[in-house]
Amino acid sequence: MENKTKVLKIIILVPGLPLDTDRIQGGVHSAVLNLLKGFAQVDNIQVRLLSFTKELNQERIIPFNQNVEICHIPEGPLPFSSLNYMFFGSSRLKKQIRDFNADIIHFEIGGTLLTTKLKGLCNRPHLLTIHGIPVEELKLRETKQEKMATYFNLYIGNWLQPGYIIHISDFSRKYINEQN
């Protein structure tokens, strides 16, 4: 009798991954590409990275390797990403979870992207990797619009923060521990 090992199916969410990944030079997108390269080396895992983007009007799936694919999904018609995530992202995420039959949902960034989980997780476990701290990002914002968007990200991120978090720095761990 053949030994069949279950394949773990993971959806990773990251906003705005460029269609041309050669343009990526750092930040969250660079970290995500490194994560995909790591997953590409692991047996019994299938990964679908979902990236909400304004670069396309139709969904496009690009194979990364035999067990990893990148799915670019149109963000939505509204001028602000946060509103598109809130009003269109949940249903698009829900469809992807069902089509892919995902076991785990991994958010690579918090803030308003987390609003996609309001109706879309289909009771799947989910976690968050924290790449930035909105309170610290506020110090870099110059315009009222940038500051308002960052405050909104802070509020939504704190409200919808998953119970499972991956920290990439001691600063992040300390900040989250102080909030709880």
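Start with the whole chain shown as a surface: about 10,600 Å² is exposed, and carbon and sulfur atoms supply 51% of that. Keep in mind as you look around that this is a predicted model.

Now switch to a plain C-alpha trace and turn it about. Along its principal axes the trace spans about 65 × 40 × 35 Å. How does the radius of gyration fit a compact globule? For 180 residues such a globule would come out near 16 Å, and the chain has 16 Å, so the two agree.

Next, put on the cartoon. You should find six helices and seven strands. Walk from one end of the sequence to the other and they come up as β-α-β-β-β-α-β-α-β-α-α-β-α. While you're at it, think about who touches whom: among contacts with a separation of 6 or more, 60% join residues 24 or more positions apart.

Colour by charge if you like. There are 21 positive and 17 negative charges, and their mean positions sit 7 Å apart.

Time to go inside, where 42% of the 180 residues count as buried. Select Ile11, Leu13, Leu50, Leu93, Ile97, Ile105 and Phe107: within the largest nonpolar core, a set of 25 residues, these touch the most other members. Which elements each supply at least two residues of this core? Highlight strands E1 (8–13), E2, E4 (68–74), E5 (104–107) and E6 (126–130), then helices H2 (81–100), H5 (144–160) and H6 (170–179). H2 gives the largest share, four residues.

Stay in that core and zoom in on Leu50. Setting aside residues up to four places away in sequence, Leu50 touches Ile11, Ile12, Leu13, Val14, Cys71, Ile73, Leu93 and Gln96. One of those names, Ile12, leads to your next selection: Ile12 belongs to a second, separate core of 16 residues, which also includes Leu33, Ile45 and Val68.

For the last stop, pick Gln58, in the loop between strand E2 (45–53) and strand E3 (60–65). Is Gln58 buried or exposed? Its relative accessible area is 63%, and exposed means over 50%, so Gln58 counts as exposed. Gln58 still has company from further along the chain: leaving out neighbours within four places in sequence, it is in contact with His72 and Pro74. Finally, draw a distance from the C-alpha atom of Gln58 to that of Glu75; the two residues are 17 apart along the chain, and the line should read 9.7 Å.

Conventions:
Residues are numbered from 1 along each chain as its sequence is written. This is a predicted model: local features need pLDDT of at least 70, side-chain atom pairs count only at pLDDT 80 or more; totals for chains, interfaces and linings use all residues. Side-chain values use heavy atoms; hydrogens and water are left out. The radius of gyration is taken over C-alpha atoms; the globule rule is 2.2 Å times the number of residues to the power 0.38. Buried means under 20% relative accessible area, exposed over 50%, partly exposed in between (1.4 Å probe, protein chains only). Contact means heavy atoms within 4.5 Å. Accessible areas come from the Shrake-Rupley method with a 1.4 Å probe; for residues, only the protein chains shown count as cover. Lys and Arg count as positive and Asp and Glu as negative; His and the chain ends are not counted. The place of a charge is taken as NZ of Lys, CZ of Arg, CG of Asp or CD of Glu. A nonpolar core is a set of buried Ala, Val, Leu, Ile, Met, Phe, Trp, Tyr and Cys residues joined through side-chain atoms within 4.5 Å.
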